[in-house]
Amino acid sequence: MLPLVTNVFCCEGGSFENFRMPRVVPDQREKFENDELFRKLSRESEVRYTGFRDRPHEERQVRCQTELREGHADIVFVGPGTNLSLQFMSNAWSDNADDRVPTREYVDFEREPGRAHLKSQFIMNGVCVIWRGWLDLQRMDGTGCLEFDEERAQVEDALLREQIEQYNRRLRDLEDRQRQFRNDQERQAEAEAEGLPRPYHPSWMCSAKGHATGKKNTCTA
């Protein structure tokens with residue numbers, strides 16, 4: 001019976017393969033306000049472009065501006081030493097790459113001469129955040145900080161609750177199926193036990209046993 005039970009569990013368990021790990025924690029704002037790393041990064045501090053460190057300064061300037069116009073760059077918070085690969089694109093949450101484009105809201109070269117003002121939305125350590133800052137296009141450094149992304153956090157919270165409920169429904173369904181399977185197996189075992197034939201004892205075994213013990217043969221058909 002055990003192999004059958006194992007197979008049932010494995011087959012039923014396969015229905016959970018479609019679930020992804022949750023992207024956010026249950027209480028995002030609390031973590032953002034109390035986590036030490038978020039508290040550090042939420043304060044405006046020095047940031048620096050970190051791409052192509054092995055290249056000459058002039059070449060890095062060109063590459064930095066090219067990447068910013070493409071909508072991405074590697075940035076480090078100098079104080080805590082936290083490195084981020086940021087994307088400066090609208091519709092950052094879309095699964096369609098064509099929807100994610102670097103608009104002026106996210107990469108603005110016109111607001112202030114010689115600077116690029118930047119915005120990036122992403123999930124960090126289970127919390128929806130917005131990175132805002134600017135880079136000097138000559139020095140490739142500037143300032144930036146993290147903000148809590150309230151709007152996206154609400155969307156992700158709803159998705160999380162829906163995912164948990166769906167998981168719980170499937171878990172309950174799995175438990176019901178396993179319970180039904182065990183009940184069916186128990187009923188089948190009881191039915192087989194009630195219908196078993198009486199043990200068969202050949203007459204020569206009874207005679208041999210009686211002769212050896214000196215007792216009267218008591219075997220019955």
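**Reading a predicted protein model**

Q: How should Phe32 be read, as buried or exposed?
A: Phe32 counts as buried because its relative accessibility is 10%; buried means under 20% relative accessible area, exposed over 50%, and partly exposed in between (1.4 Å probe, protein chains only). Over the protein chain, buried residues make up 33% of the 221 residues.

Q: What kind of model is this, and how are its values obtained?
A: This is a predicted model, in which local features need pLDDT of at least 70 and side-chain atom pairs count only at pLDDT 80 or more, whereas totals for chains, interfaces and linings use all residues. Residues are numbered from 1 along each chain as its sequence is written, and side-chain values use heavy atoms, with hydrogens and water left out.

Q: What average pLDDT does the protein chain have, and where does pLDDT stay under 50?
A: The term pLDDT is the predictor's confidence in each residue, from 0 to 100. The protein chain averages 82, and 79% of the residues score at least 70. Over residues 1-13, pLDDT stays under 50, and the model has nine contacts (heavy atoms within 4.5 Å) beyond four places in sequence for them.

Q: How many helices and strands are there, and what pattern do they follow?
A: Helices (H or I, at least four residues) and strands (E, at least two) are DSSP runs, numbered from the N terminus. The protein chain has six helices and seven strands. Along the sequence, their pattern reads α-α-α-β-α-β-β-β-β-β-β-α-α. Of the contacts in the protein chain with a separation of 6 or more, 55% are accounted for by residues 24 or more positions apart.

Q: How many aromatic pairs are present, and how is a pair described?
A: A pair of aromatic rings is described by the distance of the centres and the angle of the planes. Rings of Phe, Tyr and Trp (its six-membered ring) pair if their centres lie within 6.5 Å; planes under 30 degrees apart count as stacked, over 60 as edge-to-face and the rest as tilted. The count comes to three aromatic pairs. In one of them, the centres of Phe32 and Phe148 are 5.8 Å apart and the planes stand at 40°, so the pair is tilted. Phe32 belongs to helix H2 (residues 28-34) and Phe148 to strand E7 (residues 141-148), so the pair ties together parts that are 116 residues apart in sequence. Phe148 is buried too, at 14% relative accessibility.

Q: What is the arrangement of Phe88 and Trp131?
A: The ring centres of Phe88 and Trp131 are 6.3 Å apart and their planes meet at 55°, so this pair is tilted. It links distant parts of the chain, since Phe88 is in the loop between E3 and E4 and Trp131 is in strand E6 (residues 127-136), 43 residues apart. Phe88 counts as buried at 0% relative accessibility, and Trp131 is buried with a relative accessible area of 0%.

Q: Which residues form an aromatic cluster?
A: One aromatic cluster is formed by Phe32, Phe38 and Phe148.

Q: Which charged residues lie over a ring?
A: A charge sits over a ring if NZ of Lys or CZ of Arg is within 6 Å of the ring centre and within 35 degrees of the ring normal. The charged end of Arg69 sits over the ring of Phe109, 4.1 Å from its centre. Arg115 lies over the face of Trp134, 3.5 Å from the ring centre.

Q: Which residues have the most contacts inside the largest nonpolar core?
A: A nonpolar core is a set of buried Ala, Val, Leu, Ile, Met, Phe, Trp, Tyr and Cys residues joined through side-chain atoms within 4.5 Å. The largest core has 32 residues, and Leu68, Phe88, Trp131 and Leu146 have the most contacts inside it. E6 supplies the largest share of this core, five residues. Apart from neighbours within four places in sequence, Leu68 is in contact with residues including Phe88, Phe109 and Leu135.

Q: Where is Glu156 found, and is it buried or exposed?
A: Glu156 is in helix H5 (residues 150-194) and counts as buried at 3% relative accessibility. Not counting residues up to four places away in sequence, Glu156 touches Arg23, Val24, Gln28, Ile123 and Cys128.

Q: How many disulfides does the structure hold?
A: A disulfide is a pair of cysteine sulfur atoms within 2.5 Å, and the structure holds zero. Cys64 is buried at 1% relative accessibility, and Cys128 is buried with a relative accessible area of 0%.
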